[in-house]
Amino acid sequence: MATLLRLILRFVLIAALTSSTLLACNSLMFNNLSSTSDPLASQTDKKTLPPISPIATKDSEPERIPDAPYVQTPPEVVLKMLEMAKVNKNDVVYDLGSGDGRIVITAAQKFGAKAIGIEIDPELIRESDRESKAVIAQTPEIRDRIKFIKQDLFKADLSDATVITLYLLPQANLRVRSEILPRLKRGTRVVSHEYELGDLPPDQIEKVKVGNYEHRIYLWILDN
């Protein structure tokens, strides 16, 4: 009888151990299946978000290229342009695309006008400053009559201009006609070296021969 009881207890113990082992295995298998059965969830856990692109601002916009290549205007042509416009000490001259500053400096030094150069190229602005400092050292009285501004010429404030000088390309001159001329005061003189303002009839045309080349200069007096 005692032997039979021991056999029964051993059987119950073995059955209990077997049952608990099976339960543990089933639980482990279920957890493994749960972690691999949803591939989207798995990819989401491992996936990294792409970097956010920076928002473009005005500060990050590239600078505009000049509206004309830099070509020096001969001194003879500079003088003729200012003479045609009858520049005097009461004038405010704006040179749009002022390059090395020679028209601005001549207008102030030889004609007594207040002169402002608008130029988008920073290197040419620096060159203009160097040239003007050399001239001011010889004629200090013109110090307050010369100014250079690094700016897009189409955004310049020209409200006080009485004379505008130009040496731009034909396409830029068309923009000057449509965007700038309507903003200028009645009686403002506009002088352009080499190129016309589209089909707007000039009030005067002059030719200046320098070497083997004949330069054309156009004058308009605005009556708008």
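**View 1. Ser192 and its partner across two antiparallel strands.** In this predicted model, Ser192 has Tyr218 of strand 7 as its bridge partner. Strand 5 (residues 189-193) and strand 7 (residues 213-221) run antiparallel and are joined by 5 bridges, where helices (H or I, at least four residues) and strands (E, at least two) are DSSP runs numbered from the N terminus. Residues are numbered from 1 along each chain as its sequence is written. Because the model is predicted, local features need pLDDT of at least 70, and side-chain atom pairs count only at pLDDT 80 or more, while totals for chains, interfaces and linings use all residues; side-chain values use heavy atoms, with hydrogens and water left out.

**View 2. The open sheet of 7 strands.** Its strand order is 3-2-1-4-5-7-6, with mixed pairing, two strands being paired if DSSP finds at least two bridges between them. Strand 3 (146-150) and strand 6 (204-210) are the edge strands, and each pairs on one side only.

**View 3. Strand 2 between strand 1 and strand 3.** Strand 1 (residues 92-96) pairs with strand 2 in the parallel sense over 5 bridges, and Leu96 stands opposite Ile118 in strand 2. Strand 2 and strand 3 also run parallel and are joined by 5 bridges, with Ile118 opposite Ile149 in strand 3. Of the 6 residues of strand 2, 5 are buried, so this strand is largely enclosed by the rest of the structure; buried means under 20% relative accessible area, exposed over 50%, and partly exposed in between (1.4 Å probe, protein chains only).
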